[in-house]
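Here is a walk through one protein model, taken step by step. Keep the sequence beside the structure as you read.

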Amino acid sequence: MGYRYLDMDTYKRKSHFEYFNSLAYPYVGLTVNVDITEALKRIRSEKWSFFFTVCYCVSKAANEVSEFRQRIINNKIAEFDHCKTSHTVALENGTYCYCTLDSNMPFAEYLPYASREQESAKQKKSIEENESDIYDKLFISTLPWLSYTALIQPVPIPADSNPRITWGKYFIQEGSVLMPVSVLCHHGLVDGIHIAEFYKQLDEQMRQLT
């Protein structure tokens, strides 16, 4: 879990950070319909897991944006070398548990690894996480039962600084397959331009699948 603290005296967004970090709700977020037409064709032809494929692409895209790897620790900004994902896994009793995955490997290795880790998480059935263990996480969830145009996320008090990325059920519009992908970030660390860069990187990760 390598990271470094940014020099706040030379940090170009210092005033922005101080302002948004003082707010009761310091988050910024939006939902974008991402074109997965060609990626879905490849997923189906190769019989890949849809969730794990999207999770891999989302993780890779987020890690390409340094602001998505930044966290607020002791009122200072730490930038991690790489962030893992922590996603929700549905259980048979209607609840869920958490599963942590590391995308820092080739896609061909990631799929069987992710399947093993998720099965292990299902056996543990835990949603417990130590505070020190969550800083390098991207919080991932999905609503495969419905498409949506907006999403309100639960957040803690005091505010944390982990990006939350969620996607819903894909749908067809004018011949293209679109999937709503929502992002919620701490505005003290992330601006709209950084969120836009995440979506650009996500498009690129999807393109690489094909």
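This is a predicted model. Begin with a small patch of strand pairing. Arginine 4 stands opposite glutamate 79 in S4. That pair belongs to a longer match: strand S1 (residues 3–5) and S4 run antiparallel and share 3 bridges.

Now turn to S4 itself. Strand S4 spans residues 76–80. Is it mostly covered or mostly open? Mostly covered: 4 of its 5 residues are buried. S4 also pairs with strand S3 (residues 70–73), again in the antiparallel sense, through 4 bridges. Here isoleucine 72 faces isoleucine 77 in S4.

How many residues lie between S3 and S4 in their hairpin? There are 2. Asparagine 74 sits in that turn, and its phi is positive, about 55°.

Put these strands together. The result is an open sheet of 3 strands in the order S1-S4-S3, with antiparallel pairing. S1 and S3 are the edge strands, since each pairs on one side only. From one strand to the next, the twist averages 30°. Strands of a sheet pair through backbone hydrogen bonds, and the pairing can be parallel or antiparallel.

Another set of strands shows both kinds of pairing. Strand S5 (residues 84–90) pairs with strand S7 (residues 137–143) in the parallel sense, over 4 bridges. S5 also pairs with strand S6 (residues 96–101), but in the antiparallel sense and over 6 bridges. Serine 86 is a useful place to look. Its bridge partner in S7 is phenylalanine 139. In S6, threonine 100 stands opposite serine 86. S5 and S6 form a hairpin with 5 residues between the strands. Within that hairpin, glycine 94 has a positive phi near 90°.

Next come two helices. H3 covers residues 50–63, and helix H6 covers residues 192–209. Their axes come within 8 Å and cross at roughly 135°. Why is H3 called oblique to H6? Angles over 145 degrees would count as roughly antiparallel, and 65 to 115 as roughly perpendicular, so the rest are oblique. The crossing angle therefore makes H3 oblique to H6. The crossing is right-handed.

Which residues meet there? On the H3 side they are Thr53, Val54, Cys57, Val58, Lys60, Ala61 and Ala62. On the H6 side they are Phe198, Gln201, Leu202, Gln205, Met206 and Leu209.

Two of those H6 residues lead into the interior. The largest nonpolar core has 56 residues. Phe198 and Leu202 are among those with the most contacts inside it, along with Phe68, Tyr110 and Trp167. H3 supplies the largest share of this core, with 9 residues.

Look at phenylalanine 68 more closely. Leaving out residues up to four places away in sequence, phenylalanine 68 touches Ala62, Cys83, Leu138, Pro163, Val183, Cys185, Val190, His194, Ile195 and Phe198.

Finish at valine 32. Valine 32 lies in strand S2 (residues 27–35). Is valine 32 buried, partly exposed or exposed? Its relative accessible area is 27%, so valine 32 is partly exposed; buried would mean under 20% and exposed over 50%. Valine 32 touches Met179, Pro180, Val181 and Tyr199, again not counting residues up to four places away in sequence. Valine 183, a contact of phenylalanine 68, is 151 residues from valine 32 in sequence. In space, the two valines are 8.6 Å apart, C-alpha to C-alpha.

Conventions: Residues numbered from 1 in each chain as written. Predicted model: local features only at pLDDT ≥ 70, side-chain atom pairs only at ≥ 80, totals over all residues. Heavy atoms only, no water. Core = buried A, V, L, I, M, F, W, Y, C linked by side-chain atoms within 4.5 Å. Buried < 20%, exposed > 50% of the residue type's maximum accessible area, 1.4 Å probe, protein only. Contact = heavy atoms within 4.5 Å. Pairing = 2+ DSSP bridges. Axes fitted to C-alpha atoms, helices over the stretch in contact; angles between N-to-C directions. Parallel < 35°, antiparallel > 145°, perpendicular 65-115°, else oblique. Left-handed = near helix turned anticlockwise from the far one by under 90°.
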